[in-house]
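Please look over the structure shown here before reading on. The questions concern how two chains meet and how one residue is placed.

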Amino acid sequence: MSYAEIFQPQRQDGKMQVHWLDFVVIGAVAAGVWYFYNQVNTVLHYNWDWNTIPIYIFRWDADEGQWVSNLIVQGFFITIRLAIWSILCASVLGVTFGLFRVSPSLFLRLLGRAYVEFVRNMPPLVFIFIFYFFLSDQIMPLIGAEDFVHHAGPTSIWIVERLFGPANLFANFLSGVMVLALFEGAYVTEIVRAGIQSVGRGQWEAGSSLGLSRFKLLRYIIIPQAIQKIVPPLCNQFIQTIKDSSIVSLISIQELTFLSVEVAVSTTRVFEVWITAAVIYFFICWGLARVFSRLESKMAESRGR
Amino acid sequence: MVAPAGVNPHSEISVFRKFVLGRKGQKSPLLDIMMVVVLGGAMLWATLRGAASMGYNWQWYRVPKYFWRYVDGELVWGEFVHGVLVTLEIAAWAVLISVAVGLLTALFKMSNSMAGRVLAMVYLEGIRNTPLLVQIYLMYFVISPIIGIDRLWTGIIALALYEGSFAAEIIRSGIESVERGQWEAAASIGLTQRDTYRYVVLPQAIPIMLPPLTGLFVNLIKHSSIVSVIAIFDLTTEGRNIIADTFLSFEIWFTIAAIYLSMTITLSSVVNYMEYRLRKRSW
């Protein structure tokens with residue numbers, strides 16, 4: 001029995017119970033809404049103009065004679081691509097360092113610990129700026145992302161565009177993915193470590209008493225059990241990545257937040273643009289959270305049977 | 001040894017045994033620690049060399065004057081010190097407000113009032129499902145002109161509302177962690193709900209809440225760097241301004257990172273110590 005069941009008893013007849021707090025809350029919310037409405041209309045004299053927003057979602061292209069997606073939709077897709085690639089790279093990093101964190105070698109444990117503590121104690125903004133300078137100055141010329149796109153044939157351009165978005169922004173996108181992956185990798189490391197450590201000590205002992213090597217022990221006994229503990233928080237981390245990806249707009253990665261700034265500046269419809277951006281983020285993250293929690297309960301159900 | 005890593009935090013052994021000789025039955029950790037130090041040093045060296053080979057001119061000697069300098073024999077605090085003070089000021093105000101917001105939200109969420117629960121849910125879902133940066137922009141461009149607050153308070157309130165959602169969760173789980181028997185016992189000796197909270201629940205819940213609430217303060221110091229986008233003169237903004245003046249990007253960013261790390265790691269170890277004390281007491 002939980003707290004709620006003791007202190008929030010439901011009425012047997014199913015009717016709503018009215019509490020004094022209901023009146024206070026409704027009154028306060030109504031007063032707040034009235035205050036905002038009043039301020040916007042009579043003090044600020046803000047002219048709402050929602051008609052500009054749809055043009056930035058889809059616009060009519062006269063040359064091609066069809067509707068094409070405009071900045072906000074483009075930003076949306078870049079944000080999604082950025083989050084997917086980042087969480088994939090972060091998972092690789094996270095699994096590696098997560099295994100380091102539970103390794104018998106103190107050296108590897110210290111290495112994993114240093115990575116996690118470094119990232120988690122650093123402000124995301126500072127982290128992103130520092131690594132951006134490295135990426136743009138040193139790593140990008142080293143791997144030659146710009147050259148690759150310049151000399152690529154139409155087929156590879158087509159593939160790049162499907163996977164990473166506009167080809168002319170490929171290097172830009174790549175540095176965004178790298179920074180985000182390095183950042184989220186630390187959180188995935190902790191998820192993987194917690195997952196592996198959640199497997200009971202008896203499992204380790206049973207495995208080693210069967211004479212399994214450490215690799216086989218992990219491969220056949222520990223990881224299959226840990227995966228069930230790792231996947232749900234990893235899904236949440238994906239949502240977190242979508243949210244954190246807004247920060248890379250500050251290093252000019254052209255995702256939803258960056259393009260929202262551009263639209264807000266060019267149209268001067270500041271209120272409408274920021275409300276739209278917040279609503280878009282809200283529905284992506286909220287929708288994904290609903291989907292994931294449903295999948296999770298399905299998974300739990302199928303395991304229970 | 002196959003069991004996952006982790007050492008018993010309760011064994012009180014000397015630093016010398018811990019770091020040089022190794023615990024009983026274990027090999028000396030000295031070699032591994034040295035390897036980490038060497039690797040870290042190598043990475044740092046590669047960074048410095050790499051930048052130098054790109055034609056970057058390291059000028060560390062220009063950094064100290066941004067901490068403090070002497071003008072006509074008089075001590076003048078530099079930009080970094082001012083920035084740290086503003087960062088701490090933001091974090092301190094924001095932690096107070098976020099605890100208040102969190103407490104209110106937690107009480108609403110646990111109340112019998114339908115409207116209160118809905119309001120708490122709307123607030124929590126709204127905050128959790130949008131990026132902090134977008135919340136700051138929304139606050140700065142939309143809310144703050146409407147209610148007419150200045151830049152500093154816009155940043156503080158945006159941060160407080162963001163962290164308030166975490167505070168609500170900390171406070172709620174702290175209160176719910178008090179066992180059911182305690183509530184029932186309080187009810188059976190005829191305590192009112194207020195007295196139950198005052199004498200039974202809160203004395204048990206508050207020690208549980210304190211370490212995560214301190215962690216909240218650490219998070220606030222970290223996240224407060226994001227208010228530099230609305231030009232509040234915190235540590236990050238001060239640093240960016242210095243970079244704009246001097247082009248010492250690497251030196252200044254490394255210095256800023258070191259300052260933040262020293263603040264957050266110190267506080268994090270306080271949190272760890274508090275949790276350790278709590279575990280020790282409850283066992």
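The questions and answers below deal with a predicted model.

Q: How many residues does each chain bring to the contact between chain B and chain A?
A: Both chains take part in this contact, and each has its own count. Chain A gives 65 residues, while the number from chain B is 67 residues.

Q: What area is buried between chain B and chain A?
A: The size of an interface is often given as the accessible area lost when the parts come together. Carbon and sulfur atoms give 75% of that area between chain B and chain A, and the whole is about 5900 Å².

Q: How many residue pairs are in polar contact between chain B and chain A?
A: Across the interface of chain B and chain A the rule finds zero salt bridges. Polar contacts, counted between chain B and chain A where both residues are at pLDDT 80 or more, are nevertheless found, and the residue pairs number nine.

Q: Which helix of chain B supplies the largest share of the side that touches chain A?
A: Several helices of chain B each supply at least two residues of that side, including helix 3 (79-110), helix 8 (193-223) and helix 10 (249-282). The largest share is 11 residues, and it comes from helix 10 of chain B.

Q: Is Thr267(A) buried or exposed?
A: Thr267(A) lies in helix 12 (residues 256-267) of chain A, and it touches Tyr56(A) and Val273(A), leaving aside residues up to four places away in sequence. Because its relative accessible area is 14%, and the cut-off for this class is under 20%, Thr267(A) is buried.

Q: Which residue's backbone oxygen does the side chain of Thr267(A) reach?
A: The side chain of Thr267(A) comes to 2.7 Å from a backbone oxygen. That backbone oxygen belongs to Val263(A).

Terms used. Residues are numbered from 1 along each chain as its sequence is written. Chains are lettered from A and ligands numbered from 1 in the order in which they are written. This is a predicted model: local features need pLDDT of at least 70, side-chain atom pairs count only at pLDDT 80 or more; totals for chains, interfaces and linings use all residues. Side-chain values use heavy atoms; hydrogens and water are left out. Contact means heavy atoms within 4.5 Å. Buried area is the accessible area (1.4 Å probe) that two parts lose on being put together, summed over both. A salt bridge is a side-chain nitrogen of Lys or Arg within 4 Å of a carboxyl oxygen of Asp or Glu. A polar contact is a pair of N or O atoms within 3.5 Å; within protein, one must be able to donate a hydrogen and the other to accept it, and residues adjacent in sequence count only if both atoms are side-chain atoms. Helices (H or I, at least four residues) and strands (E, at least two) are DSSP runs, numbered from the N terminus. Buried means under 20% relative accessible area, exposed over 50%, partly exposed in between (1.4 Å probe, protein chains only).
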